[in-house]
Amino acid sequence: MNHTLTTASSLRGTVQVPGDKSISHRAVMFGALAEGDTHITGFLMGEDCLSTISCFRSMGIDIDVSDAEVVVHGAGLHGLKAPSELLYTGNSGTTTRLLCGILAGQPFTSTLNGDASIQKRPMGRIIKPLRLMGADIDGRDGNLCPLTVKPAQLHGIRYDMPVASAQLKSAILLAGLFADGKTTVIEPAASRDHTERMLRGLGAQVESNGTEITLTPPETLHAVDVDVPGDISSAAYFLVAGLILPNSDITIRNVGINPTRTGILDALEAMGAQIERLNERGTVEPVCDLRVRSSKLHGTVISGDLIPRLIDELPVLAVAAAFAEGETVIRDAQELKVKESNRIAAMTAELSRTGADVVETEDGMIIHGGKPLHGAAFTSYADHRIAMSMAVCALACDGDSSIDDPACVAISYPTFFETLDSLKGDGTL
């Protein structure tokens, strides 16, 4: 069923976005491998993270879920049990790729598969290094789900990563937990470092030297409680909405500002955005409140080492660029082609429906902003980030819009549309 998207004159109020998706996944995975109970507050109850819970329950991990918290009763590094059925990862690339690293070191055979989108996403990038570690892993056509992982003796490796990918890095480091000897990964640019931070918190020895990360396999991991901050990827939609609509003033509470994730703030500020960081706090994962007010944006170049720090936010950044004066160039973003959809092609097509001047390139797009845009009937491609990005775009277009398959936002932000509507009435949610 299509969802109608109406324009807004301004957005004002305070919101709290759901918990960080990356941290929620890892809290369950690492909690399962730790000794003791992990209490997780702020957990993202989105479909992707629930897929992670389901997979670990299938491997014998007791996980209690309530409105207040998620409690993972850890079984230790060697406590997982052979699943009696296929491990279904849904739409979650994080679950699929990180699980491969964990499963590579288990004494049982397992098969994992996801939905139609996951079955098209390349897995060869993780299969190659895991095989170098000794893993027995194979997929359809050698590169695609379903993936079958058989028992194998793993050894540590030193691996130069071809792309800056937190999922790839994490899969290798997780396999390294079960390997003989140290495992080192070298990134071409820094990607999100939640895995390293959390492993250190659980007592593992993880050394970082620039973009070189080395894990010494631990004897045990010790459970710690995790308070998941709000997801900056989810906050990004309200940041852009507040910037492009006149007379807007939005405060987003309790947002994670891990430096490997704040590329969206850097890019928007380079475009002239007024964004304040208030009440900064946190130790393992830094947190603050973000206040955003309407700003006159101008074009910029988004490329290089900045890309891994804002890869999930690029669709909504493209929306900001469409309302900015001048030219914005996004390059070095080939990774967008292998997300839930080809996000370069998808955003080019959907923004063009509004009359925006957008040109697709091999590794990004060129957007000539500042033209008046009109409402349209948008396609979501069953991709939560495309759906939410076009909902933000519709707020500032002339005339109503619609989007198909609005339910796909449940992957990361089940209450997105309600939260957005609350700001039209100066509300707080």
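Here are legends for several close-up views of this predicted model. Residues are numbered from 1 along each chain as its sequence is written, and side-chain values use heavy atoms, with hydrogens and water left out. Since this is a predicted model, local features need pLDDT of at least 70 and side-chain atom pairs count only at pLDDT 80 or more, while totals for chains, interfaces and linings use all residues.

**View 1. Two rings from distant parts of the chain meet edge-to-face.** Rings of Phe, Tyr and Trp (its six-membered ring) pair if their centres lie within 6.5 Å; planes under 30 degrees apart count as stacked, over 60 as edge-to-face and the rest as tilted. By this rule the count comes to 5 aromatic pairs. Take Phe238 and Tyr413: their ring centres are 6.1 Å apart and the planes stand at 65°, so this pair is edge-to-face. Phe238 sits in helix H7 (residues 232-244), while Tyr413 is in the loop between strand E23 (401-403) and helix H12 (416-424), 175 residues apart. (Helices are DSSP runs of H or I with at least four residues, strands are runs of E with at least two, and both are numbered from the N terminus.)

**View 2. Tyr413 also pairs with Phe416.** This pair is edge-to-face too, at 5.6 Å centre to centre and 70° between the planes. Both Tyr413 and Phe416 are buried; buried means under 20% relative accessible area, exposed over 50%, partly exposed in between (1.4 Å probe, protein chains only). Phe238 is buried as well, with a relative accessible area of 0%. Zoom out a little, and Tyr237, Phe238, Tyr413, Phe416 and Phe417 form one aromatic cluster.

**View 3. Four strands line up in an open sheet.** The order is E2-E15-E17-E16, with mixed pairing (two strands pair if DSSP finds at least two bridges between them). Strand E2 (12-16) and strand E16 (274-281) are at the edges, each with a single partner strand, so one side of each has no neighbour in the sheet. E2 and strand E15 (residues 249-256) run parallel, joined by 5 bridges. Look for Gly13, which stands opposite Ile250 in E15.

**View 4. Helix H8 (residues 263-270) packs on that sheet.** H8 touches E16 and strand E17 (287-293), where contact means heavy atoms within 4.5 Å. Its buried residues are Gly263, Ile264, Leu265, Ala267 and Leu268. What covers them includes H7, E16, E17, strand E18 (301-302) and H9. Just after H8 comes Gly272, whose phi is positive, near 100°.

**View 5. Helices H9 and H10 pack against each other.** Which residues of H9 meet H10? They are Pro315, Ala318, Val319 and Ala322, and their partners in H10 are Arg343, Met347 and Leu351. By kind, the contact residues divide into 6 nonpolar, no polar and 1 charged. (Ala, Val, Leu, Ile, Met, Phe, Trp, Tyr, Cys and Pro count as nonpolar, Asp, Glu, Lys and Arg as charged, and the others, Gly among them, as polar.)

**View 6. A few backbone spots are worth a look.** The peptide bond from Cys145 to Pro146 is cis, with omega near 5°, and Pro146 belongs to strand E9 (residues 144-150). In the loop between strand E22 (377-378) and helix H11 (384-395) you'll find Tyr381, whose phi is positive, near 60°. Ala382 is in the loop between E22 and H11, with a positive phi near 55°. Tyr381 is partly exposed, with a relative accessible area of 33%, and Ala382 is partly exposed at 44%.

Key: Axes fitted to C-alpha atoms, helices over the stretch in contact; angles between N-to-C directions.
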